[in-house]
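Let's walk through this model together, moving from strands to a cavity and then to charged pairs. Keep the structure open and turn it as you read.

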Amino acid sequence: MNAIMVFPKIKIFSWSILVAVLAAASCPNYAFSQSAATGYQTVGRDIAVNSAIDLLVYPGRATAIDFSSTDEALAYVLIADPSKVVFTTDAQLASGLAKTVFLRPIQTLNFPGATTATITNISIKTVDSKGKQRLYNFNIVPTNKKPENLGIRIAPLTPEKSPTLNVGRGGTFTASDVEKGLLIAIQKGYTAANDPVVYSVRQFLALVRNQNLSVTEAAAKAGVDLSVIVELGKIPLEASNDSGTKLQ
């Protein structure tokens, strides 16, 4: 009886810690805010397929969605509300060689009978070398603030690119655990998808997967506090334990 009463309180406390950590990491004085304007936001393919990623677009600048790191080619592209943003690709879609979509904000156009939205979405269908199709959706978020990145780079997730992360007393988990935890945190509203700390965590994941860096080195280079990584890595493990407890 007592265990049943205490368990929800423990879970609430755990989520409260995560919210506090993410809020602290989102401080405007954070090192990330000074260094993110020249890079791409790397997003794992599995995450991108299963969630709508926010894509910031800036006046007078082109923002890219790049699939060059995958074996996918663009097959179809649709912007739901084309009155404020136009797109182009690096090759004709029919050629099977297009890998990158470029978006540019424009002055608002009026299309009779069409509806508009402050934040619209772009849908992108791709086909890989084996003929498998994937559908991606991105929220197009117009903003006038200082550019944080050049766009989004989609990267494939493979076992080799999901190394085990040893964070000392914080525990041991994989890069995929951290990425799954980040997705859950966004879905549950503990952090906004376009929050600077989200970008920092994704940069951290790209570094530990693609460069020979320790967890501490990757966190420092990405400008994210190690406590954020630890809390995110725990989320899918706790969710898995919860499922097992419910089944028992």
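In this predicted model, strand β3 is covered on both of its faces. Thr63 and Ile65 point to one side, Ala64 and Asp66 to the other, and all four are buried. Now look at what pairs with β3. Strand β6 (residues 100–105) runs antiparallel to β3 and is joined to it by 4 bridges. Strand β9 (residues 151–155) runs parallel to β3, with 3 bridges between them. Ala64 is a handy residue for finding your way here: its bridge partner in β6 is Phe102, and its bridge partner in β9 is Gly151.

From β9 you can step across to strand β1 (residues 41–44). These two strands run parallel, and 4 bridges join them. Which residue of β9 is the bridge partner of Gly44? That partner is Ala155. Like β3, strand β1 has both faces covered. Gln41 and Val43 lie on one side, Thr42 and Gly44 on the other, and each of these residues is buried.

Gln41 also leads us to the next stop, as it is among the residues lining the second largest cavity. The structure holds 3 cavities of 30 Å³ or more, and the second largest encloses about 70 Å³ of space. Alongside Gln41, its lining includes Asp54, Leu56, Glu148, Asn149 and Ala193, and also Asn194, Asp195, Val198, Tyr199 and Arg202. Two elements, β2 (53–57) and α5 (196–210), give two or more residues to this lining. Which of the elements supplies the largest share? It is α5, with 3 residues. By residue type, the lining divides into 4 nonpolar, 3 polar and 4 charged residues.

Charged side chains deserve a tour of their own. Side chains of opposite charge can pair when their charged atoms come close. How many salt bridges does a search of the whole structure find? The search finds 6. One of them joins Glu72 to Arg45, with the closest N and O atoms 2.9 Å apart. Arg45 belongs to helix α3 (residues 45–50), while Glu72 sits in the loop between β3 (63–66) and β4 (73–79), so this salt bridge ties together parts that are 27 residues apart in sequence. Are Glu72 and Arg45 buried or exposed? Both are buried. The pair also belongs to a wider arrangement, a network of salt bridges that links Arg45, Asp71 and Glu72.

Two further salt bridges make a good contrast in setting. Lys84 pairs with Asp81, their closest N and O atoms being 3.4 Å apart. Here Asp81 is buried, because its relative accessible area of 4% falls under the 20% cut-off. Lys84, at 26%, is partly exposed.

Lastly, turn to helix α7 (residues 226–247), which holds both Lys234 and Glu231. These residues are 3 apart, about one turn of the helix, and form a salt bridge whose closest N and O atoms are 3.8 Å apart. Glu231 counts as buried at 13% relative accessibility, whereas Lys234, with a relative accessible area of 29%, is partly exposed.

Terms used
Residues are numbered from 1 along each chain as its sequence is written. This is a predicted model: local features need pLDDT of at least 70, side-chain atom pairs count only at pLDDT 80 or more; totals for chains, interfaces and linings use all residues. Side-chain values use heavy atoms; hydrogens and water are left out. A salt bridge is a side-chain nitrogen of Lys or Arg within 4 Å of a carboxyl oxygen of Asp or Glu. Buried means under 20% relative accessible area, exposed over 50%, partly exposed in between (1.4 Å probe, protein chains only). On a 1 Å grid over the protein atoms alone, a cavity is a set of points where a 1.4 Å probe fits but cannot get out, and a pocket is an open set with protein on both sides within 12 Å along at least five of seven lines; lining residues have an atom within 4 Å of a point. Grid points are joined across faces, edges and corners, and a volume is the space filled by probe spheres set on the points. Ala, Val, Leu, Ile, Met, Phe, Trp, Tyr, Cys and Pro count as nonpolar, Asp, Glu, Lys and Arg as charged, and the others, Gly among them, as polar. Two strands pair if DSSP finds at least two bridges between them.
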